[in-house]
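Reader: I have a model open and would like to go through its geometry step by step. Please keep each answer to the reasoning and the result.

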Amino acid sequence: MKLKIVAFLFSIYSLNAFAQGDNWQKQTLLHEGKKVDYYVIKQQALNSNDLLVLLQGSDCISVTNNPNMVKNFAIAFPKNDILLVEKTGLTRQVGIDGNPVSEENCPVEYMSQDSPLERADNYIAVLQQLKNDYRNIILLGGSEGATVTNLIASKVDFITASVAINVGGQFFINDVLYSIKNNTPADEVDNSIEGFKQFAEAVKQKQLRKDQFVSGHGAMWWYEMLTIDNLKLIQSIKTPHLVIQTMADTNVDAYATEKMIQKNHNTNVSFKQYQGLDHFFQDNKGQLHTKEIIRDIQSWYQTINN
């Protein structure tokens, strides 16, 4: 029987329902000379044939300290075991209060090594080790995690389906410029945009020092994020792939996502958009619509699984 692996990736949402219980058993895989820490959490007493992989976003916080990810998204697949993979350089002590750590207090080891490409490779390495234990593997995440899901789904042939939530457009620089326009005082926008363009050019020319950190990220993270082509990645995905975008998102350029999908000719890729919802699935009254999105993911998965 061919292994079925479904890939969903989600962002900065986190876990509390299972917080730091006895079933949190850290395991370590040695991959390319580096240790990759991961956790497999049981949602039910019986052994499960299915695995839900939750991929966090870009915050400086241990995957074990993200209080809402499991709480909000485990309900999509309530019988699945859950897999969490720690980022290189982070431990369970980082963000132990449940809040992301500031740049000043974030471990230099993490900021200097943080890499979307390495995160994708680490997940693939862990899944290669676990895949024979499960009939289906589901990955759920977004934002930076959505970029990583594009990387994973474009690299391997054992993914059954994938979902990328709030990934933004083809190139990250346009998402950053859009965010600046929407989150910066009007009289500072032009200078901020020009400053970031100069910074981005320096990054792509590899002119940042290894000890230079901007917005909590090092030179490697910035270089990879600014050179990844999301359209190229989704064009190469050979299995069902769902792109979800909330259209009131000001963290990324939601309309650039729409334009990217219009350029896409890969029939494996589907697109679902939500008008009036921000990056965190809230409407203009502050009401969360996570359950609606979860229902749509479940419905989509049932359709492609049949």
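Reader: Is C60 buried or exposed, and what is its relative accessible area?

Author: The model is a predicted one. Buried means under 20% relative accessible area. C60 falls under that cut-off and therefore counts as buried, with a relative accessible area of 8%.

Reader: Which residue does C60 join through a disulfide?

Author: A disulfide is a covalent bond between the sulfur atoms of two cysteines. The structure holds one disulfide. Its S to S distance is 2.1 Å, and the residue joined to C60 is C106.

Reader: What is the hand of the link of C60 and C106?

Author: The angle to look at is the one about the S-S bond, which is 100 degrees. With that value, the link of C60 and C106 is right-handed.

Reader: How many residues apart in sequence are the parts that this pair ties together?

Author: C60 lies in the loop between β4 (50-55) and α1 (69-73). C106 lies in the loop between β5 (81-85) and α2. The pair therefore ties together parts whose separation in sequence is 46 residues.

Reader: What is the relative accessibility of C106?

Author: The cut-off for buried is under 20%. C106 counts as buried because its relative accessibility is 5%.

Reader: Now the strands. How many residues of strand β8 are buried?

Author: In a regular strand the side chains alternate between the two faces of the sheet. On one side of β8, H241, V243 and Q245 are buried, and on the other side so are L242, I244 and T246. Strand β8 (residues 241-246) is therefore largely enclosed by the rest of the structure, and its buried residues number six of the six.

Reader: In β9, which residue is the bridge partner of H241?

Author: H241 of β8 is itself the bridge partner of S162, and four bridges join strand β7 (residues 161-165) to β8 in parallel. Six bridges join β8 to strand β9 (residues 269-274), also in parallel. In β9, the bridge partner of H241 is V269.

Reader: Through which helix does the chain cross from β8 to β9?

Author: The connection is a β-α-β crossover, and its hand is right-handed. The helix it passes through covers residues 254-263 and is α9.

Reader: What distance separates the C-alpha atoms of I293 and T246?

Author: I293 lies in helix α10 (residues 290-305) and counts as buried because its relative accessibility is 0%. T246, on one side of β8, is buried as well. I293 and T246 are 47 residues apart along the chain, and their C-alpha atoms are separated by 9.9 Å.

Reader: Turning to empty space, which helix gives the largest share of the lining of the largest cavity?

Author: The count of cavities of 30 Å³ or more comes to two, and the largest holds about 60 Å³ of space. Its lining consists of V85, E86, K87, T88, E118, R119, N122 and Y123, which divide into two nonpolar, two polar and four charged residues. Four of the lining residues come from one helix, residues 116-130, and that helix is α3.

Reader: Which elements give two or more residues to the lining of the second largest cavity?

Author: The second largest cavity has about 30 Å³ of space. K87, T88, Y110, Q113, D114, S115, E118 and R119 line this second cavity. The elements that give two or more residues to that lining are α2 (108-113) and α3.

Reader: How many charged residues does that second lining have?

Author: Sorting the lining of the second largest cavity by class gives one nonpolar and three polar residues. The charged residues in that lining number four.

Note on methods
Residues are numbered from 1 along each chain as its sequence is written. This is a predicted model: local features need pLDDT of at least 70, side-chain atom pairs count only at pLDDT 80 or more; totals for chains, interfaces and linings use all residues. Side-chain values use heavy atoms; hydrogens and water are left out. On a 1 Å grid over the protein atoms alone, a cavity is a set of points where a 1.4 Å probe fits but cannot get out, and a pocket is an open set with protein on both sides within 12 Å along at least five of seven lines; lining residues have an atom within 4 Å of a point. Grid points are joined across faces, edges and corners, and a volume is the space filled by probe spheres set on the points. Ala, Val, Leu, Ile, Met, Phe, Trp, Tyr, Cys and Pro count as nonpolar, Asp, Glu, Lys and Arg as charged, and the others, Gly among them, as polar. Buried means under 20% relative accessible area, exposed over 50%, partly exposed in between (1.4 Å probe, protein chains only). Two strands pair if DSSP finds at least two bridges between them. A crossover is right-handed if, with the strands pointing away from the viewer, the path from the first strand over the helix to the second runs clockwise. A disulfide is a pair of cysteine sulfur atoms within 2.5 Å.
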